Amino acid sequence: MKKIYTRPASLKRTPFHYCPGCGHSVVHRLICEIIDEMGLQDKAIGIPPPGCAVFAYNYFDVDMAESAHGRGAAVATGLKRAAPETVVFTYQGDGDLAAIGTAETIHAANRGENITAIFINNAVYGMTGGQMAPTTLSGQQTTTTPYGRDDRLEGYPVKMSEILALVKGSAYIERVAANSPANIRKAKKAIRKAFQTQIDGLGFSLVEILSPCPTNWKMSPIESCKWIDNVMAGEFPLGVILDRTGKKDAG
Amino acid sequence: MVKVLMNGNSAIGEAAIRAGCQCYFGYPITPQNELTEYMTAHLSRKKGCTFIQAESEISAINMVFGASLAGVRAMTSSSSPGISLKQEGISYLAACELPAVIVNMSRGGPGLGSIAAAQSDYFQATRGGGHGDYRTIVLAPSSVQELADLTHKAFDLADRYRTPVMILGDGVLGQMMEPVEFDYEAPRKLTARDDALRGAKGRPSRIVKTFTSNPATLEELNWSLFRRYQAIKQAEVAWDTFMAEDAKLVVVAFGTAARIARGAIKNARKQGLKVGMLRPITLWPFPTEKIKELASKRKQFLVIEMNMGQMLEDVRLALNGAAEASFYGRTGGVIPTPSELQRVIARDYYQKGLKGRK
């Protein structure tokens with residue numbers, strides 16, 4: 001019999017700690033599949049964030065180093081400049097990348113750092129228990145917006161991918177979602193292209209992934225996946241936001 | 001090797017490059033800008049080396065963290081308000097046991113303070129500075145030559161003990177020009193530490209982290225850090241003495257304050273006062289044993305600092321009541337003059353009744 005589906009070599013045999021229906025495990029697997037397919041297991045270095053994904057270093061079988069909250073892009077900058085032969089990716093949530101780490105992210109992109117950011121947007125702070133994120137939708141209830149996010153008091157959902165597309169050092173930015181087989185396939189293609197952008201030395205690459213958080217959204221996993229299509233993607237439209245790579249398709 | 005005339009900030013830069021520093025990340029702040037500029041001019045074009053003017057001090061220290069992960073010698077510099085911003089990164093460096101050199105050309109505080117020289121970051125430097133149970137080695141030079149020498153030493157100590165090392169200077173040391181000699185050349189081939197993260201090639205993958213959901217694991221990490229700190233305390237304490245042997249009154253001062261005190265002590269000696277000095281070169285580890293030894297010889301102490309009395313606490317902890325330590329300080333960036341300190345020393349000498357004492 002031919003084996004058509006197996007655990008990627010760069011994904012450790014450690015059971016995930018993530019909640020049922022969480023998008024992190026899907027994205028972890030996608031990144032590991034890409035690392036295997038592109039032969040990067042001995043070159044890749046991952047920078048996981050504080051937050052639910054802090055334990056990413058227990059799952060990826062590549063070199064991994066924890067970053068302070070929001071500083072992933074700065075850590076990745078120092079690492080990549082000192083070891084240009086490596087392939088460096090940060091794995092960051094919305095609070096990490098779009099709130100506390102806004103400056104680090106924008107300036108790393110502006111310098112055209114050859115690093116890749118995997119940006120998990122689930123519209124809440126997950127590990128701390130479901131507080132408002134910069135990407136929380138208008139009207140969305142969280143533990144710190146119990147009456148729904150009021151734009152005039154709490155600000156509007158921050159669209160980091162669109163902001164980063166205005167920055168000249170950015171080379172490739174795409175928004176995808178981890179909520180259906182079709183979207184997951186697109187997400188994988190985007191991650192591959194982002195890594196290729198880095199390998200080709202073209203500058204900063206980022207893949208934003210709309211990712212379900214059933215626990216903090218207080219929805220079932222199925223409802224969460226539908227909510228991404230029906231509500232979240234309305235605020236955060238899927239698709240390529242910036243492509244300066246000059247390549248139609250790396251896949 | 002000939003002596004060259006350099007300001008302190010540039011001397012640190014040259015010394016760092018000769019010590020094999022491959023990455024420097026900075027952010028402008030007075031009075032340390034000459035160091036950042038020196039590194040742009042001399043490091044950025046060097047093969048395999050990196051200079052970045054970061055978007056903030058926070059980013060700069062985190063770039064140092066990244067470069068140190070990659071196993072190369074990395075440095076950042078700033079002055080007091082900027083050093084406060086770096087404390088997050090310094091705590092992570094200490095926790096992850098990563099070597100790094102951090103230069104603080106300190107200025108008056110608190111707040112934005114002044115751009116004039118001060119020593120009011122002593123507590124912050126010697127108590128760890130950021131969150132958590134850790135210490136950093138703190139070196140306190142008092143001349144441009146010593147800035148250069150201690151910069152070289154800082155990189156060696158950082159690598160040997162896998163810890164961040166701070167050089168605590170001040171605006172005077174950074175700005176003043178003195179002849180300086182560099183007695184070592186940059187290594188031809190710069191190599192990465194063997195525990196670096198550069199991809200899991202021919203070895204299992206590595207994790208550099210501190211977070212753990214098990215407090216007992218973290219307690220063990222803290223114990224291992226403190227066992228190392230104990231070794232540092234035993235091996236690396238450094239100090240200098242000046243006319244301390246027959247002195248009845250020992251001035252304890254570091255850095256710029258020690259330089260000024262030295263002139264004052266010379267003049268006090270001409271007045272017939274038996275005064276000497278102990279100058280800590282490592283502020284952490286602190287020369288506690290040396291102070292105890294001096295106290296056992298029935299000496300009295302006068303601590304002089306450019307702050308409101310910070311090292312004073314370490315001196316009193318060392319004395320533990322064995323002798324009296326009085327204090328004189330100027331703060332906010334005000335620099336005492338030698339004649340001012342001479343008056344202070346003489347007053348203290350007479351008040352302690354040392355003039356007639358055998």
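Two residues are in contact if their C-beta atoms, placed from the backbone, lie within 7 Å. Keep that in mind as we walk through this predicted model.

**Stop 1: a helix in chain B**

Select α10 of chain B, residues 288-296. Colour I291(B), L294(B) and A295(B), which are buried. Why do they sit on the same side of α10(B)? Because they cover an arc of only 100 degrees around the axis. Now show what covers these buried residues of α10(B): the cover includes β11 (249-252), β12 (275-280) and α11 (311-319) of chain B. Before leaving, click on R298(B), which follows α10(B) and has a positive phi, near 60 degrees.

**Stop 2: the nonpolar core**

Next, select V251(B). Leaving aside residues up to four places away in sequence, V251(B) touches A261(B), I265(B), V275(B), M277(B), L302(B), I304(B) and I345(B). The largest nonpolar core holds 188 residues. Which of them touch the most other members? They are I118(A), I209(A), V251(B), A261(B) and I345(B), so try highlighting these five together.

**Stop 3: a covered strand in chain A**

Move over to chain A and select β7, residues 170-177. Of its 8 residues, 8 are buried. Add β8 of chain A, residues 204-210: β7(A) and β8(A) pair in the parallel sense over 7 bridges. To see one place where they face each other, pick Y172(A), which stands opposite S205(A) in β8(A).

Now add helix α7 of chain A, residues 181-199. Together, β7(A), α7(A) and β8(A) form a right-handed β-α-β unit.

β7(A) has another partner to show: β9 of chain A, residues 239-243. Here the pairing is antiparallel, with 4 bridges. Within β9(A), G239(A) is the bridge partner of R175(A).

**Stop 4: where the chains meet**

Finally, display both chains. How many residues does each chain bring to the contact? Chain B gives 33 residues and chain A gives 29. On the chain B side, β2 (21-26), α3 (57-69), α4 (80-95) and β9 (207-208) each supply at least two residues. Select α3(B) to see the largest share of that side, 9 residues. Coloured by class, the side of chain B that touches chain A shows 17 nonpolar, 10 polar and 6 charged residues.

End the tour by zooming in on β9(B) and strand β2 of chain A, residues 63-65. These strands run parallel and are joined by 2 bridges. Pick A65(A) and you will find its bridge partner in β9(B), V208(B).

Definitions and conventions:
Residues numbered from 1 in each chain as written. Chains lettered and ligands numbered in written order. Predicted model: local features only at pLDDT ≥ 70, side-chain atom pairs only at ≥ 80, totals over all residues. Core = buried A, V, L, I, M, F, W, Y, C linked by C-beta atoms within 7 Å. Buried ≥ 20, exposed ≤ 12 C-beta atoms within 10 Å, placed from the backbone. Nonpolar A, V, L, I, M, F, W, Y, C, P; charged D, E, K, R; others polar. Pairing = 2+ DSSP bridges. Arc of directions from axis to C-beta. Right-handed = clockwise from strand over helix to strand, strands pointing away.
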